[in-house]
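Visitor: I'd like to go through this one with you and ask how each label is earned.
Guide: Happy to, so pull up the view and fire away.

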Amino acid sequence: MNASSTIAGTMNPLQIITTGGALGAEIRGLDLRRGLDADTVRTLRAAFLEHCVLYYRDQQISQQDLVRFTRHFGKPVAHVRPQPDRPIEEIFVISNVTEDGKPIGALGSEEIPFHSDLSYLPEPGTISLLYALEIPEVGGETMWASGYAAYEALDPTMKDRIDGLNAVHRHPIDALNTPEPTMHPVVRTHPETGRKVIYVSPHLTHHITDMEREDGRALLDELIAHATAERFVWKHRWQVGDLVMWDNRCTMHRRTPFDDRQRRVMWRTQVFGAGTR
Ligand code: OGA
Ligand code: MN
């Protein structure tokens, strides 16, 4: 469906179509260039808390539209990483493209292992949104894993074993880290749904505290292997015009690599704190 074909004054009924996977739903019937009424926002917030990842296809939005839409879910803030020459400071560009020898965005074309955004900070990002302007023919797909489904599938012995454990999170680029080590519980409770999630990732969780290094490593590896098992993961194949929003409090995500000669350009916004109440 082309959103621009919406006739002024007639509302498409909003549709929520679940992916059939461990998480995620597509929202149909919205043109995100337009303002949303309070009922629609309520519906989207509830769907977001239920499905953890929502995507909208065939959008043709501006940077202002993306920031305005993001505000329905919290306060968009400038990304913690600097990016020069941004006309709208809440927009962070994700891209492998270089212009005049300089990258126009972050994250390149390499694989990005599973992570929850900014978990190396004491207050990690809660909600992230990504809008696709250009995508490669092959690769550059993003997949999300449900921390709820992974936690709920653990046997009671493992739940007992990891309850109360903490882990240090650290970015591989040391300059991005805080001076004091950042710690988070291995099992987190989502502040809005009250549901428990496994909150460790191969990219950003460095070690479990108060355990012998070897035992801690083995436990972390086991938890990561479990939490990233295919049955908890849903993969998104991007199309130009897709907007995907995800809840970092109950998911982690990973991006597959792609040919660096192909262009991938996305705009991103970031919310901290709970905004979906
Ligand atoms: C991010 C991220 C994945 C992607 O923006 O936080 O992990 O598919 N992006 O570009
Ligand atoms: Mn990310």
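Visitor: What makes the link between the side chain of Arg264 and ligand 1 a polar contact?
Guide: This is a predicted model, so everything here is computed from its atoms. An N or O atom in the Arg264 side chain lies 2.7 Å from an oxygen atom of ligand 1. The cut-off is 3.5 Å, so the pair qualifies.

Visitor: Which other side chains have an N or O atom paired with an oxygen of ligand 1 in that way?
Guide: Asp117 is one of them, with a polar side-chain atom 2.9 Å from a ligand 1 oxygen. His115 is another, at 3.3 Å. Both values are within 3.5 Å, so both pairs count as polar contacts.

Visitor: And which residues are around ligand 1?
Guide: Besides His115, Asp117 and Arg264, the list has Ile94, Leu107, Leu130, Thr142, Trp246, His253, Arg255 and Arg268. Each is listed because one of its heavy atoms lies within 4 Å of the ligand.

Visitor: On to the domains. Where does the chain divide?
Guide: Domain 1 takes 4–146 + 235–272, and domain 2 takes 147–227. Their centres, taken over C-alpha atoms, are 25 Å apart.

Visitor: How do you know how many residues of each domain are in contact?
Guide: The count takes heavy atoms within 4.5 Å, so it gives 22 residues of domain 1 against 25 of domain 2. The area buried between them is about 2,000 Å², with 62% of it from carbon and sulfur atoms. On the domain 1 side, Tyr120, Ser146 and Arg249 supply 35% of the buried area, more than any other three residues.

Visitor: Why is the pairing of Arg249 with Glu192 called a salt bridge?
Guide: The closest N and O atoms are 2.8 Å apart, and the limit is 4 Å between an Arg side-chain nitrogen and a Glu carboxyl oxygen, so the name fits. The rule finds one salt bridge across the domain interface. There are also 13 residue pairs in polar contact between the domains.

Visitor: Which strands supply residues to the domain 1 side of that interface?
Guide: Strand 9 (112–115), strand 11 (142–146) and strand 19 (251–255) each supply at least two. Strand 9 gives the most, with four. By class, that side has 13 nonpolar, six polar and three charged residues.

Visitor: Last stop, Arg57. What makes its pairing with Asp242 a polar contact?
Guide: Their side chains are joined at 3.0 Å, within the 3.5 Å cut-off, so the term applies. The Arg57 side chain also has a polar atom 2.9 Å from the backbone oxygen of Arg237. Arg57 sits in the loop between strand 3 (53–56) and helix 2 (63–70). Among the residues Arg57 touches are Glu26, His236 and Trp238.

Key:
Residues are numbered from 1 along each chain as its sequence is written. Chains are lettered from A and ligands numbered from 1 in the order in which they are written. This is a predicted model: local features need pLDDT of at least 70, side-chain atom pairs count only at pLDDT 80 or more; totals for chains, interfaces and linings use all residues. Side-chain values use heavy atoms; hydrogens and water are left out. Domain bounds come from an automatic or database domain assignment. Buried area is the accessible area (1.4 Å probe) that two parts lose on being put together, summed over both. A polar contact is a pair of N or O atoms within 3.5 Å; within protein, one must be able to donate a hydrogen and the other to accept it, and residues adjacent in sequence count only if both atoms are side-chain atoms. Ala, Val, Leu, Ile, Met, Phe, Trp, Tyr, Cys and Pro count as nonpolar, Asp, Glu, Lys and Arg as charged, and the others, Gly among them, as polar. Lists of a residue's contacts leave out its neighbours within four places in sequence.
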